[in-house]
Amino acid sequence: QRMRDGFPPPLLALIRQIGAEAARHGHIVYFVGGLVRDLLLGQQIFDVDLVVEGDAIQLGQTLSRQYGGEVRTHSRFGTVKWLLPADIWQKVAPAQPTEEPLPTSIDLVTARTEFYESPTALPRVERSSIKQDLHRRDFTINTLAVQLDPQNWGRLLDFFGGKADLEAGIIRVLHSLSFVDDPTRILRAARFEARLGFHLEPRTEALIADALPLLKRITGGRVRHELDMIFHEAQPELALKRLQSLGALQAIDEALRCDAWLADSLARLRSVNLAAWDLPDTDDTRLELSWALFLYRRPRPVVQRVARQLLMPRRFVEVLSQRDELHAVLPRLSDSLAPGEIADLLAPFPPKLLLLGWLVTPQEQPRAILRRYVREWRHVRPALRGDDLQRLGIPPGPIYRTIFHALRTARLNGEISTRAEEEALARTFRPAAE
Ligand code: CTP
């Protein structure tokens, strides 16, 4: 029933056929991990990955021959992405059209086991049974599998007590070296706790305390990736606060904190309409802004240190490079200034930083001014162009800049509004006749 509720009918039909096709060739296909967890929690499923006990690449090639669609294989990892042909749903489920979005590809992964040859190193990977594959995973709630072959369709495999932990709301590791094998799991634990409203089992929490120093031993990029994942959550501040109480933020860098200020700022960011700030409303922009808020109140050398350690893309911190200059200007923004003066004050700053300034400023007046500048005043331009000035008998030169600035300021201040008025103002800059 959960599977019928969790997937659009054509997708479920395709999965059934994959399970049957696999069985004919001696492979068994499973749903595993996060997908089963979310299925049992009644949450929406976005990506369909299948684990294959057998050979995922061979199965991918068989499916592609049978149904069409390209396959992209990674033989080193035993994985294959099958790009579904556009007409597949017609073939698979002709009687079950659906309005719901259907995937354009399916990932097939060979069941594998991993050996950690030294703490925190990346593991060596080998083909294995489904049980071994599940045993290498982070938390019991992510170790459930559902069998998809026709004989055992929908059978839940629960080797490690995952179902009971899911029902009780518990995040529990499978063995005591889990965080030593992979310290990024510390961040995952807090993320799942916050997202699902679950709790760390006490022994798991104690293991985290022991493993904290390892967060400095792994490459910064992996830590940053996990923090990115947290920023993509609905309420990142919950996981960040938890990481702070576990001592994990401080273990990444002693200057990292999550306090009420950050929680409020992140919450405010969520409800912002980015388009109104001339910014693309993408996950990437939101991520960049979240990082900027996270580091906003840290002195420049600390921002640089964290950015270096976590291998952050330069653009993530670049936006903070003019923060001090902006904060020198913010207290001066008041209604007693003319719009032209405000435009001059704010011109050096990109919209992204202006939005950050707006998010972190409590006073209503400067906030209203920032908003109006970005939405309205920033876009005001004179109607006249260079050739218009030439036509008016003004020889090209540095004076053009001065004239355009004067025209814009006069427009902003409401002193002029038509082209004719601009021409009249421009003429006052004409060199005196000899
Ligand atoms: N996994 C792990 N250790 C990690 C990362 C992942 O054991 N450091 C395992 C987990 O069991 C997880 C699976 O690999 O279920 C897939 O990882 P991922 O896609 O990151 O996890 P999901 O559980 O699907 O999480 P999300 O819902 O956030 O995508």
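## Two pockets in a predicted model

Pro8, Gln44, Ile45, Glu100 and Pro101 sit nearest the centre of the second largest pocket, which has 15 lining residues. Keep in mind that this is a predicted model. Two elements each give two or more residues to the lining of this second largest pocket: helix H1 (2-6) and helix H2 (9-24). Of these, H1 supplies the largest share, 3 residues. As for space, the second largest pocket holds about 280 Å³.

Now for the largest pocket, where the space comes to about 1,600 Å³. Its lining counts 41 residues, and the ones closest to the centre are Gly34, Asp49, Arg136, Arg137 and Arg188. Quite a few elements chip in with two or more residues: on the helix side H3 (34-40), H9 (184-196) and H11 (220-231), and on the strand side E2 (49-53), E6 (112-115) and E7 (124-127). The top contributor to the lining of the largest pocket is H9, with 5 residues.

Here's how the two linings break down by residue class.

| Pocket | Nonpolar | Polar | Charged |
|---|---|---|---|
| Largest pocket | 14 residues | 7 residues | 20 residues |
| Second largest pocket | 10 residues | 2 residues | 3 residues |

So what do the class counts look like in words? For the largest pocket, the lining includes 20 charged residues next to 14 nonpolar ones. In the second largest pocket, 10 nonpolar lining residues go with 3 charged and 2 polar ones.

Conventions:
Residues are numbered from 1 along each chain as its sequence is written. This is a predicted model: local features need pLDDT of at least 70, side-chain atom pairs count only at pLDDT 80 or more; totals for chains, interfaces and linings use all residues. Side-chain values use heavy atoms; hydrogens and water are left out. On a 1 Å grid over the protein atoms alone, a cavity is a set of points where a 1.4 Å probe fits but cannot get out, and a pocket is an open set with protein on both sides within 12 Å along at least five of seven lines; lining residues have an atom within 4 Å of a point. Grid points are joined across faces, edges and corners, and a volume is the space filled by probe spheres set on the points. Helices (H or I, at least four residues) and strands (E, at least two) are DSSP runs, numbered from the N terminus. Ala, Val, Leu, Ile, Met, Phe, Trp, Tyr, Cys and Pro count as nonpolar, Asp, Glu, Lys and Arg as charged, and the others, Gly among them, as polar.
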